[in-house]
Amino acid sequence: MSPKPVFAGKDIVSVRDLSREGIDHILDVAETMEPLAKSGSDMLRGKIMATLFFEASTRTRLSFESAMSRLGGTSLGFSETKGTSVEKGENLADTVRVVENYADVLIVRHPLEGAARMAAEFSKIPVINAGSGAEEHPTQALLDLYTIRKARGSIDGTSVGLIGDLRYGRTVHSLAYALSQYKVNLFLISPEILRMRREVLEEVSNRVHVKESTSLRELLPELDVIYMTRIQKERFADLAEYEKVKGSYRLTAQELSKARKDSIVMHPLPRVDEVAPDVDNTKHAKYFEQVWYGLVLRMGVLALVLGAA
Ligand code: NCD
């Protein structure tokens, strides 16, 4: 047996830095966190997590904080730059070099691509990327894989459709990279102007079969995983462009009658109108379970990078 990948003291900035063995190991550790998420644990007692969030968040920040506290650790940080020295013009590198003195791990969300990588270069303590502009969101991709594995038993052999904003959506960039380590069929479904970023497409299509389309209706019967995403209004330079593509896809319970019986509907949330509320009560809906898996996955990631798992 090959030795387990080591994460203690390491950054998690991009899914592209992870091997398949590394991803599988993280998912296995997350599995061991499920009972601890219910019972609580003191695995990370005395450890401190700092959250530097320069961009809006509900799930990601709260799930990291909840994960830390369920493992007996504590958290500090900010969820907007208002009231911090960033308002006085402090740059990210300085913020990182200050806050690393107060904590054992940094969780960074920033509107600029490359911000998490830069934070990791300056930081002496591990940095976890919680969203770097439109670029990547690695822990979201890991929890998405965990959800697929839980629902289907395995990631290999799955046909996955990524639907919506494949240009500005960071979750689908990370997820496409991660899925390309497995034996999957990838369907990329988006409006023409929101097609998957070229560099992501080039890399993943070297490893797995990829089909691009604009029609969800046509491909729905082929999909095991229907991964819906929000059109990222805040990332459009021109709102007139957004107006052209908003509401491009709306999945309803009726439409799902044409989907595979055992297919699952996923969404990183928040949703706007791309998944109708009547989907929530179908057996396909997995997006609220995904939230729970996000908690256990982040417990696993924190335990690993802090050397406790
Ligand atoms: C996503 C994000 O921030 O990229 N949210 C999340 O972390 N679950 C998706 C989005 O904002 O559409």
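Two strands count as paired if DSSP finds at least two bridges between them. Strands (E, at least two residues) and helices (H or I, at least four) are DSSP runs, numbered from the N terminus. What you see here is a predicted model, where local features need pLDDT of at least 70, side-chain atom pairs count only at pLDDT 80 or more, and totals for chains, interfaces and linings use all residues. Residues are numbered from 1 along each chain as its sequence is written, and side-chain values use heavy atoms, with hydrogens and water left out.

**View 1. A five-strand sheet with parallel pairing.** Follow the strands across this open sheet and you get the order 7-6-5-8-9. Strand 7 (209-213) and strand 9 (264-266) are the edges, each pairing on one side only. From one strand to the next, the twist averages 20°. Helix 6 (residues 170-179) packs on this sheet and touches strand 5 (158-163), strand 6 and strand 8 (225-228). Contact here means heavy atoms within 4.5 Å. The direction of helix 6 makes about 160° with that of strand 5. For such angles, axes are lines fitted to C-alpha atoms (for helices, over the stretch in contact), and values run from 0 to 180 degrees between N-to-C directions. Helix 7 (residues 198-205) packs on the sheet too, touching strand 6 and strand 7, and its direction makes about 145° with that of strand 7.

**View 2. Strand 6 and its two partners.** Zoom in on strand 6 (residues 184-189), which runs parallel to strand 7 and is joined to it by 5 bridges. On the other pairing, 6 bridges link strand 5 to strand 6, again parallel. Asn-185 is a handy landmark: it is the bridge partner of Ser-159, and its own partner in strand 7 is His-209. Further along, Leu-188 stands opposite Glu-212 of strand 7. Strand 6 is mostly covered, with 5 of its 6 residues buried. Buried means under 20% relative accessible area, exposed means over 50%, and partly exposed is in between (1.4 Å probe, protein chains only).

**View 3. Two crossovers that meet at strand 6.** Strand 5, helix 6 and strand 6 make a right-handed β-α-β unit. Strand 6, helix 7 and strand 7 make a right-handed one as well. To check the handedness yourself, imagine the strands pointing away from you: the crossover is right-handed if the path from the first strand over the helix to the second runs clockwise.

**View 4. Helix 5 and the glycine that follows.** Helix 5 (residues 138-152) has 15 residues, which at 1.5 Å a residue should span 21 Å, and its end C-alpha atoms are indeed 21 Å apart. The expected span is 1.5 Å times one less than the number of residues. Because 12 of its 15 residues are buried, helix 5 is largely enclosed by the rest of the structure. Among the buried ones are Pro-138, Leu-142, Tyr-146 and Arg-149. Next up is Gly-153, with a positive phi near 90°.

**View 5. A four-strand sheet, also with parallel pairing.** This open sheet has the order 2-1-3-4. Its edges are strand 2 (74-78) and strand 4, each pairing on one side only. The twist averages 15° from one strand to the next. Helix 3 (residues 92-99) packs on the sheet, touching strand 1, strand 2 and strand 3, and its direction makes about 165° with that of strand 1.

**View 6. Strand 3, tucked inside.** All 6 of the 6 residues of strand 3 (residues 105-110) are buried, so the strand is largely enclosed by the rest of the structure. Val-105, Ile-107 and Arg-109 point one way, while Leu-106, Val-108 and His-110 point the other. Strand 1 (residues 48-53) runs parallel to strand 3 and is joined to it by 5 bridges, with Phe-53 opposite Arg-109. Strand 4 (residues 127-132) is also parallel to strand 3, with 4 bridges. In strand 4, Ile-128 is the partner of Ile-107, and Asn-129 is the partner of Val-108.

**View 7. The two domains.** The chain is divided into domain 1 (15-136 + 292-305) and domain 2 (138-286), with bounds that come from an automatic or database domain assignment. Their centres, taken over C-alpha atoms, are 25 Å apart. The contact takes 34 residues from domain 1 and 28 residues from domain 2.
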